[in-house]
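Student: I'd like to learn how to read a fold like this one. Can you walk me through it, one feature at a time?

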Amino acid sequence: MSSNWKKSPPAGNVKPWSWEWEGGPESSTVAQWGLVCGEKYKVGLVQALFSAGCTIGAGVFGRLSDSDLGRTGSLKAVCILNAIFGCLTSLAPDYITYLLLRFLTGFSTGGVGLCSFMLATEPVGPTKRGAAGMFTFCFFSTSIALLSGIAYVFPTWRDLYIASYVPSILFLVLVIQFISESPRWYLV
């Protein structure tokens, strides 16, 4: 995702699309849709809408996890949504579709974080809840640290999205069946 020039134009004489991206036009969303100069704000807008989706998703799935769906049912739902929206993002034909799908991915990601946190902290006693809660976010931190290596293996943004969201499917198939419902949810 480099924005280095292949040839250095004289300062001030750069015309739109008169240069080439290292890695080609499909190497990043910035290169794909020309999100530079006057369009640069659109990069931050995507991040802002993703964060807004996380906030809204945490609220919605927080309520759903208190309902008949339960903690594990909500986690299953958000993992399915996360995989669907993440993989669909890799197919986005234009910026507006990409923006919408990033919001929806944020929506499901907020639910994943909340449901995982609840399932990790509710079964343990009050003195261990802080450690259990922090442990859930070690997975997030580790995955962020691994992302640069994954991006090296999958250099285009579309392939990177698929590689990043396939683990949600693997989690559903391999792990979630071994997670029991929260005892607090049963009590309520």
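Tutor: Happy to. Keep in mind that this is a predicted model. Let's begin with a helix pair: helix α5 (residues 129-153) packs against helix α6 (residues 157-174) with their axes 9 Å apart, at an angle of about 130 degrees.

Student: What do we call that arrangement of α5 and α6?

Tutor: You sort a pair by its angle, and over 145 degrees would count as roughly antiparallel. Here the angle makes α5 oblique to α6. As for handedness, the crossing of α5 past α6 is right-handed.

Student: Which residues of α5 and α6 meet?

Tutor: From α5 you have Leu-147, Ile-150 and Ala-151, and they meet Leu-160, Ala-163 and Ser-164 of α6. Sorted by class, that contact has five nonpolar residues, one polar and no charged ones.

Student: Okay, zooming out. How many helices and strands does the protein have?

Tutor: Seven helices and zero strands. Along the sequence, the pattern reads α-α-α-α-α-α-α. Of the 188 residues, 33% are buried. For contacts, take those between residues at least 6 apart in sequence: 66% of them join residues at least 24 apart.

Student: What should helix α2 span, given its number of residues?

Tutor: You multiply a rise per residue and compare with the ends. Helix α2 (residues 41-66) has 26 residues, so at 1.5 Å a residue it should span 38 Å, and its end C-alpha atoms are indeed 38 Å apart.

Student: Which residues of α2 are buried?

Tutor: The list is Lys-42, Val-46, Phe-50, Gly-53, Cys-54, Gly-57, Phe-61, Gly-62 and Ser-65.

Student: And Leu-45, in that helix: buried, exposed or partly exposed?

Tutor: Burial is read from relative accessible area, with buried meaning under 20% and exposed over 50%. Leu-45 has 34% relative accessibility, so it counts as partly exposed. Setting aside residues up to four places away in sequence, Leu-45 touches Tyr-95 and Leu-99. Leu-45 and Leu-99 are 54 residues apart in sequence, yet their C-alpha atoms are 8.1 Å apart in space.

Student: Let's try another one. Where does Ser-74 sit, and is it buried or exposed?

Tutor: Ser-74 is in helix α3 (residues 70-89). Its relative accessible area is 0%, so Ser-74 is buried.

Student: What is Ser-74 in contact with, leaving aside neighbours within four places in sequence?

Tutor: Phe-61, Leu-64, Ser-65, Leu-69 and Cys-115. You've already met Phe-61 and Ser-65, which are among the buried residues of α2.

Key: Residues are numbered from 1 along each chain as its sequence is written. This is a predicted model: local features need pLDDT of at least 70, side-chain atom pairs count only at pLDDT 80 or more; totals for chains, interfaces and linings use all residues. Side-chain values use heavy atoms; hydrogens and water are left out. Axes are lines fitted to C-alpha atoms, for helices over the stretch in contact, and angles run from 0 to 180 degrees between N-to-C directions. Helices (H or I, at least four residues) and strands (E, at least two) are DSSP runs, numbered from the N terminus. Angles under 35 degrees count as roughly parallel, over 145 as roughly antiparallel, 65 to 115 as roughly perpendicular and the rest as oblique. A crossing is left-handed if the near helix is turned anticlockwise from the far one by less than a right angle, and right-handed if clockwise. Contact means heavy atoms within 4.5 Å. Ala, Val, Leu, Ile, Met, Phe, Trp, Tyr, Cys and Pro count as nonpolar, Asp, Glu, Lys and Arg as charged, and the others, Gly among them, as polar. The expected span of a helix is 1.5 Å times one less than its number of residues. Buried means under 20% relative accessible area, exposed over 50%, partly exposed in between (1.4 Å probe, protein chains only).
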